[in-house]
Amino acid sequence: REGKTTLIKGDVILMFTDGITEAKNISKEMYSDAKLEQLFSENEYTSPQNLVHSIADSVAEFAGEAEQSDDITMLAIEYIGVSDEDRIDEFVIKITNDINEIGKVTQTFKEFSTKHELAKTDTGKFNIVFDEILNNIINYGYQDDLIHYIEIQVELYGNHLNVKVIDDGEQFNPLNIPPPDVTLDLNERELGGLGIHMVKKFMDQAFYAYRDKKNILTLVKHINKKQ
């Protein structure tokens with residue numbers, strides 16, 4: 001049936017198929033709505049991704065070795081409650097596909113961070129992220145010797161930063177790179193993947209899209225102010 005509701009900042013909409021609540025264990029007991037509600041009441045979630053993964057882990061633990069009988073699909077959406085009026089500040093910088101241009105981005109972000117008194121730890125993490133992402137684009141994203149432009153958009157909303165990195169290089173989603181096995185010794189690990197792994201760890205959310213022949217990587221970070 002159709003209905004309407006009003007969302008406030010921080011509200012999360014969770015949609016799921018009945019493969020969640022009707023998942024069965026080897027005793028043919030169902031996971032149930034009550035168990036899902038109990039999971040919500042006993043835990044706190046830092047992001048929609050964290051919520052979805054927590055539910056999936058809980059259902060898998062409940063089902064144990066029982067065969068999955070139905071599809072398990074979930075979608076969680078958080079209303080962050082911001083508008084153009086909530087935007088505190090922003091900047092946009094364009095650089096060419098030249099390694100030496102990366103310093104312009106980190107310097108501009110440093111000045112932006114100083115202006116808004118962002119914690120040095122967050123500033124340091126972003127500079128590592130910019131260096132990793134831009135190096136990858138410049139070194140591997142282009143198959144010609146032409147000049148290309150990479151655009152970095154930074155928006156500060158309340159206590160979080162939205163960053164978009166847009167380039168016209170080869171279509172590539174860096175978030176699909178499998179994480180390295182950090183349990184192995186350095187000489188046993190396969191090359192690559194560690195930089196993107198750090199990006200994911202440093203950011204609270206990361207999204208990729210390919211539109212109008214451009215790669216768009218969106219990063220979200222809940223930031224802290226200087227103590």
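## Exercises on helix H4 and its surroundings

The buried residues of helix H4 pack against strand S3 (87-96), helix H5 (120-140), strand S4 (149-157) and strand S5 (160-167), where packing rests on contact, that is, heavy atoms within 4.5 Å. The model is predicted, so local features need pLDDT of at least 70 and side-chain atom pairs count only at pLDDT 80 or more, whereas totals for chains, interfaces and linings use all residues. Residues are numbered from 1 along each chain as its sequence is written, and side-chain values use heavy atoms, with hydrogens and water left out.

**Exercise 1.** Determine how the span of H4 relates to the expected value.

*Solution.* Helices (H or I, at least four residues) and strands (E, at least two) are DSSP runs, numbered from the N terminus. H4 covers residues 102-115, which amounts to 14 residues. The expected span is 1.5 Å times one less than the number of residues. From first to last C-alpha, H4 reaches 20 Å, close to the 20 Å expected. Just after the helix, glutamate 117 takes a positive phi of about 55°.

**Exercise 2.** Identify the buried residues of H4 and establish how they are arranged about its axis.

*Solution.* Buried means under 20% relative accessible area, exposed over 50%, and partly exposed in between (1.4 Å probe, protein chains only). In H4, the buried residues are Ile102, Val105, Thr106, Phe109, Phe112 and Ser113. Viewed down the axis of H4, they fall within an arc of 120°, so they line one face of the helix; the arc is that of the directions from the helix axis to the C-beta atoms.

**Exercise 3.** Locate serine 47 and decide whether it is buried or exposed.

*Solution.* Serine 47 lies in the loop between helix H2 (32-42) and helix H3 (48-63). Its relative accessibility is 13%, and serine 47 therefore counts as buried. Serine 47 and isoleucine 99 are 52 residues apart in sequence, and their C-alpha atoms are 34 Å apart in space.

**Exercise 4.** Describe the setting of alanine 209 and list its contacts.

*Solution.* Alanine 209 belongs to strand S6 (residues 205-211). Leaving aside residues up to four places away in sequence, alanine 209 touches Lys214, Asn215 and Ile216. From alanine 209 to tyrosine 157 the C-alpha distance is 22 Å, with their positions 52 residues apart in sequence.

**Exercise 5.** Summarise the chain as a whole.

*Solution.* The protein chain has 6 helices and 7 strands, in the order β-α-α-α-β-β-α-α-β-β-α-β-β along the sequence. Buried residues form 36% of its 227 residues.
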